[in-house]
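Trainee: Could we go through this structure together, one feature at a time? I would like to learn how each kind of feature is read.

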Amino acid sequence: MLVLGDAHADDPAHRRALLAAYETADADVALQTGDLLTYELPTPTWFVAGNNEAFDVIERLRSGDAGGTRNANLLASTAVELDGLRVAGLSGNYAPTQYEKSRSELAGDRRRHFVRDDVERLYRLDDVDVLLAHEAPHGVLETDGYDVGCRPLDDLLRSLAPDLCLVGHHHEHTEGTFGSTRVVTLAPAWESYYLLDSERLTLTRRETPSDQSVD
């Protein structure tokens with residue numbers, strides 16, 4: 001299973017790198033952790049929305065309308081069975097000023113955030129093996145002496161206790177644990193891609209090819 005971090009594929013060079021990763025990995029399915037910014041993909045891909053997306057497209061995918069997309073499957077407080085794994089996803093990033101609002105109150109770029117109801121819907125899931133998120137829990141990533149982390153995600157990991165949490169947003173590869181969960185923050189797709197062994201839940205990192213001929 002192919003695993004990809006932030007893509008920012010509205011940039012042509014980043015899009016070429018993303019497609020090179022798909023081509024080289026030659027996997028049947030892919031997981032991606034947000035800031036995708038292209039929604040016509042060569043392989044069925046399950047992703048969470050990040051803070052940089054085409055939010056009109058994301059809202060259509062939330063409602064079940066896949067028109068204008070190909071192989072782009074949004075995990076928005078939902079789960080899917082893939083290769084024997086139950087994979088769930090929390091779409092969006094955290095803003096304390098928006099968290100207590102209803103999703104219908106979010107407009108424009110504020111649609112990038114998740115709200116309490118999004119998190120509460122995930123609490124109702126069970127037997128989650130892998131959780132995709134754009135935000136990180138506390139204790140796995142430090143920037144300028146600051147422990148990067150999101151309290152709602154901390155609480156969610158305590159409740160769901162997935163075996164693995166895959167995180168985007170930070171453009172940096174780190175590995176750590178939160179409680180019983182292994183947490184990996186992913187390098188961006190133009191630097192690295194990953195292969196996930198669904199039986200052992202091991203993650204292998206590989207350098208993304210620099211082949212600029214892929215289009």
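Trainee: In which loop does Gly34 lie, and does Gly34 count as buried or exposed?

Mentor: Please keep in mind that this is a predicted model, and begin by placing the residue between its flanking elements before turning to its accessibility. Gly34 lies in the loop that runs between strand E2 (30-32) and strand E3 (40-47), and at 0% relative accessibility Gly34 counts as buried.

Trainee: How many residues apart in sequence are Gly34 and Glu135, and how far apart are they in space?

Mentor: Sequence separation and spatial separation are read independently. Gly34 and Glu135 are 101 residues apart in sequence, while from C-alpha to C-alpha they are 9.6 Å apart in space.

Trainee: Which value does phi of Leu37 take, and where is Leu37 found?

Mentor: The general idea is that most residues other than glycine have a negative phi. Phi of Leu37 is near 65 degrees, which is a positive value in a residue other than glycine, and Leu37 lies in the loop between E2 and E3. His8, which is not a glycine either, has a positive phi of about 45 degrees; His8 is found in the loop between strand E1 (2-4) and helix H1 (12-25), and His8 is buried, with a relative accessible area of 16%.

Trainee: How many disulfides does the count come to, and why is Cys150 not bonded to Cys165?

Mentor: Here the reasoning needs a cut-off, since a disulfide is a pair of cysteine sulfur atoms within 2.5 Å. By this rule the count comes to zero disulfides, because the sulfur of Cys150 is 10 Å from the closest cysteine sulfur, that of Cys165, and this is too far for a bond. Cys165 likewise is in no disulfide, the nearest cysteine sulfur being that of Cys150. As for accessibility, Cys150 is buried, with a relative accessible area of 1%, and Cys165 is buried too, with a value of 0%.

Trainee: Turning to the surface, which residues gather in a patch of negative charge?

Mentor: A patch is read as a group, after which one member can be looked at in its own setting. Glu23, Asp26, Asp28, Asp83 and Glu199 gather in a patch of negative charge on the surface. Take Asp83 as the example: Asp83 lies in the loop between strand E5 (78-82) and strand E6 (85-90), and Asp83 counts as exposed because its relative accessibility is 54%, where exposed means over 50%.

Definitions and conventions: Residues are numbered from 1 along each chain as its sequence is written. This is a predicted model: local features need pLDDT of at least 70, side-chain atom pairs count only at pLDDT 80 or more; totals for chains, interfaces and linings use all residues. Side-chain values use heavy atoms; hydrogens and water are left out. Buried means under 20% relative accessible area, exposed over 50%, partly exposed in between (1.4 Å probe, protein chains only). Patches are made of residues with over 30% relative accessible area and no salt bridge: like charges are joined within 9 Å, nonpolar side chains (Val, Leu, Ile, Met, Phe, Trp, Tyr) within 5 Å. Accessible areas come from the Shrake-Rupley method with a 1.4 Å probe; for residues, only the protein chains shown count as cover. A salt bridge is a side-chain nitrogen of Lys or Arg within 4 Å of a carboxyl oxygen of Asp or Glu. Lys and Arg count as positive and Asp and Glu as negative; His and the chain ends are not counted. The place of a charge is taken as NZ of Lys, CZ of Arg, CG of Asp or CD of Glu. Helices (H or I, at least four residues) and strands (E, at least two) are DSSP runs, numbered from the N terminus.
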